[in-house]
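Visitor: I have just opened this structure and would like someone to walk me through it. Could we talk about what its parts are called, and what earns them those names?

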Amino acid sequence: MMFKGSAISVKMLDGGIAEMNFDLQGESVNKFNTQTVLELEEALGLLDAADDVKGLLLTSSKGVFLVGADITEFVPLFGKSDGGGVGSHLAKNHDNFNLLEDLDFPTCIAINGYAMGGGLELALACDFRIMSTAAKVGLPETKLGIIPGWGGTVRLPRVAGADTAIDWICSGKEQRPDVALKAGVVDGVVAPENLREAALAVLQDAIDGKMDYEARRDQKTEPLKLNETEAMMVFETSKAFVAGMAGPNYPAPIVAIECMQQAARKYRDDAIAIERAGFEKVASTSVAESLVGLFLSDQLIGKKAKGWEKKADKKVERAAVLGAGIMGGGIAYQSAYKGTPIKMKDINQAGLDLGLSEANKLLSKQVNRGRMTVEKMGQVLASIDPTLSYDNFDGVDIVVEAVVENPKVKHAVLADVEKHVTDDTVIASNTSTISITYLAEALERPENFCGMHFFNPVHAMPLVEVIRGEKTSDTAIARTVAYANAMGKKAIVVNDCPGFLVNRVLFPYFAGFMGLLKDGADFQQVDKVMERFGWPMGPAYLMDVVGMDTGHHAEAVMAEGFPDRMTKTYKTAGDVMFENDRYGQKNGKGFYVYELDKRGKPKKVVSQESYDLLAPETAELKEFDKDEIIARMMVPMATELARCLEEGIVGSASEADMALVYGVGFPPFRGGVFRWIDSIGIDKFVAMCDQYKHLGKLYEATDAMREMAANGTKYYTL
């Protein structure tokens with residue numbers, strides 16, 4: 001053994017070939033933490049000094065090759081005005097990768113699993129790259145508000161061309177083996193069982209002089225092979241397109257292009273210095289701090305969900321959904337698409353036809369986009385079993401009730417289905433507002449019952465709230481979370497209360513909107529301000545999408561549950577819309593009027609009729625300062641979310657923030673509501689509450705928030 005560490009080992013094989021193996025002890029994946037970086041330096045130093053090494057093979061003993069940097073080591077450095085020493089943190093691996101690239105003998109990497117971020121950058125520093133059909137590669141850094149920092153913006157354009165590098169880096173997407181091969185990023189793709197043999201064969205050919213590895217190095221270390229006109233066309237056109245796609249709140253993709261453009265005429269070392277400066281620039285932004293924070297929060301909720309799954313008493317082999325409308329059809333589609341067969345029951349054939357139509361529509365889109373074969377579509381549809389009866393319901397492991405949002409109807413349906421399932425079948429309600437504890441009163445086995453709240457459209461919205469009632473067992477929670485995981489969803493467990501977590505805090509946000517309109521705000525101006533704040537759609541547009549009838553019902557539930565702060569004292573703009581049958585997109589008119597565009601999608605159009613209807617119930621229209629609009633919209637949501645955290649409805653600030661990002665599209669670049677409060681300062685937020693406390697209890701900071709302001713503490717330490 002030439003070298004043996006806790007992350008890396010190097011041993012000699014036959015024929016003068018050395019094998020560097022990555023196997024970080026105590027971790028499920030390989031990553032570039034400080035230990036790995038230091039061991040790589042030592043191992044490469046030994047290889048560089050060795051006289052008997054003719055070639056180097058890089059391998060991994062884990063299913064994931066290398067996921068990149070240990071992001072937790074970067075977190076304390078982010079958000080600093082000077083880059084926070086990020087550049088020096090990066091420098092060691094710059095030296096490592098350059099040394100790897102400059103070794104006196106050829107190198108080949110065998111990519112057996114995910115090689116993301118620094119993992120792909122390591123591969124690019126090698127002479128040859130062979131990839132398993134089970135692997136994926138990519139540079140996801142821009143999704144974290146940063147850019148590749150270990151030579152990715154330098155080597156990828158020189159290996160695959162500027163266009164491919166811009167696409168891969170700015171999108172941050174994972175890339176399949178066939179795509180990587182076509183792009184020239186890897187030199188071969190083979191079955192997993194043939195990977196090692198294929199990589200050794202390529203390496204031997206290079207050792208024997210059959211493959212010119214030195215010419216490959218020249219290509220990676222010299223200026224990009226583009227003349228000035230070509231470079232200007234490629235980079236300037238890309239900047240304009242990417243800026244339009246990313247928007248002003250996500251600077252990293254543009255900085256990445258600028259780095260590639262500035263480095264195009266440079267040799268490797270000068271080009272890497274440009275990349276390092278670009279990395280320091282984006283690392284000093286609040287966007288990077290927020291997006292990295294979300295990444296860590298996402299890991300936390302994933303870890304918790306996996307923990308629940310491990311506690312599940314059995315795997316969900318077969319599921320059922322009650323109610324086959326748009327929601328039921330969406331649930332059936334998602335379950336079947338992800339591999340869990342499902343029965344879809346309704347009380348009439350028309351309902352089943354609607355549910356199957358919804359599933360068929362979603363699957364057809366997959367086929368039309370080339371993401372699924374017709375044969376696979378047929379298999380998925382075949383695993384959805386439409387039925388008008390409870391026949392064979394004794395063979396399902398979980399039933400999701402998704403009937404109309406009416407307590408009496410749900411009570412009747414839940415009591416009925418319980419008679420047709422086994423004693424250990426879990427029953428979950430897809431209710432969006434009705435108390436799980438109350439619904440459980442209809443059941444003889446309430447311990448087997450919980451909430452499983454999907455968001456519409458089911459296939460597109462990542463979040464599932466799993467709600468614990470007073471008598472819900474851990475077994476029921478565990479099996480439901482396991483099912484959500486199997487469906488590819490982000491499950492967050494919350495405790496029961498009116499509206500649970502997401503809707504409980506969304507309706508105070510809507511209440512802030514209603515108050516603004518009452519005082520004379522133009523709903524179009526409010527929409528524009530909140531969209532510039534980062535929301536995917538403004539509150540008027542969002543209410544139209546949710547549906548005014550749905551909102552009217554949920555609003556009543558909230559008022560009953562929290563009368564001190566959610567009871568209405570005036571007729572709201574939402575009431576006006578509801579009373580005039582303006583339900584939003586579902587019937588083509590709400591705050592806006594909806595017309596179909598060329599692609600058949602609803603397009604919002606401003607209607608004077610909305611203003612005429614609102615005029616008797618609102619003050620004369622006037623312009624509001626954008627900061628006042630933001631404060632009056634966000635304070636009610638934030639204070640209610642704080643109450644949820646303090647009451648134990650949600651387990652942590654991370655889970656609360658992720659629920660709003662995944663459930664209603666809270667702006668990711670702000671990191672979540674609690675990170676937003678941290679960014680402006682809890683003392684300033686409390687002052688904001690006090691400024692508007694005359695508007696009602698929704699604007700009152702909690703005692704805990706005031707204590708945090710007095711102590712100068714934050715919701716997040718990282």
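Guide: Here is a conversation about two sheets, a buried residue and a cavity.

Guide: Before we start, please keep in mind that this is a predicted model.

Visitor: What makes Asp-657 count as buried?

Guide: Buried means under 20% relative accessible area. Asp-657 has 0% relative accessibility, so the residue counts as buried.

Visitor: Where is Asp-657 found, and what does Asp-657 touch?

Guide: Asp-657 is part of helix 28. Leaving out residues up to four places away in sequence, Asp-657 touches Leu-641, Gly-671, Gly-672, Val-673, Phe-674, Arg-675 and Tyr-716. As for Gly-55, 602 residues apart from Asp-657 along the chain, the C-alpha atoms of the two are separated by 49 Å.

Visitor: Which strands does helix 28 lie across?

Guide: Helix 28, residues 653-664, lies across strand 16 and strand 17, and runs at about 125 degrees to strand 17.

Visitor: Which sheet holds strand 16 and strand 17, and in what order do its strands come?

Guide: They belong to an open sheet of 8 strands, in the order 12-11-10-13-14-15-16-17, with mixed pairing.

Visitor: Why do strand 12 and strand 17 stand at the edges?

Guide: Strand 12 (384-387) and strand 17 (490-495) each have a single partner strand, so one side of each is left without a neighbour in the sheet. From one strand to the next, the twist averages 25 degrees.

Visitor: How do you know that the pairing is mixed?

Guide: Look at some of the pairs. Strand 10 (residues 319-322) runs parallel to strand 13, joined by 4 bridges, and Ala-319 stands opposite Ile-398. Strand 13 also runs parallel to strand 14 (residues 426-429), again with 4 bridges, and there Glu-401 has Ser-429 as its bridge partner. Strand 15 (residues 449-454) and strand 16 (residues 463-468), however, pair in the antiparallel sense over 4 bridges. One bridge there links His-453 with Glu-465. With parallel pairs and an antiparallel pair, the sheet is mixed.

Visitor: Are the residues of strand 13 buried or exposed, and which way do they point?

Guide: Ile-398 and Val-400 point one way from strand 13, while Val-399 and Glu-401 point the other way. All of them are buried.

Visitor: What makes strand 1 and strand 9 edge strands?

Guide: They are part of another open sheet, whose 7 strands follow the order 1-2-3-4-5-7-9 with mixed pairing. Strand 1 (3-4) and strand 9 (188-190) each pair on one side only, and that puts them at the edges.

Visitor: How do you know that strand 2 and strand 3 pair?

Guide: Two strands pair if there are at least two bridges between them. Strand 2 (residues 8-12) and strand 3 (residues 17-22) have 5 bridges, in the antiparallel sense, so they pass that cut-off. In one of these bridges, Val-10 is the partner of Met-20.

Visitor: And the cavity: how many are counted, and what is the volume of the largest?

Guide: The count is 1 cavity of 30 Å³ or more. The largest cavity has a volume of about 90 Å³, so it passes the cut-off used in that count.

Visitor: Which elements line the largest cavity?

Guide: Helix 20 (502-518), helix 23 (548-561) and helix 25 (573-579) each give two or more residues to the lining. Helix 23 provides the largest share, 4 residues. The lining includes Phe-507, Met-548, His-552 and Asp-575, and its residues divide into 5 nonpolar, 4 polar and 2 charged.

Methods: Residues numbered from 1 in each chain as written. Predicted model: local features only at pLDDT ≥ 70, side-chain atom pairs only at ≥ 80, totals over all residues. Heavy atoms only, no water. 1 Å grid on protein atoms, 1.4 Å probe; cavity = no way out; pocket = protein on both sides within 12 Å on 5 of 7 lines; lining within 4 Å. Points joined across faces, edges and corners; volume = space filled by probe spheres on them. Nonpolar A, V, L, I, M, F, W, Y, C, P; charged D, E, K, R; others polar. Axes fitted to C-alpha atoms, helices over the stretch in contact; angles between N-to-C directions. Contact = heavy atoms within 4.5 Å. Buried < 20%, exposed > 50% of the residue type's maximum accessible area, 1.4 Å probe, protein only.
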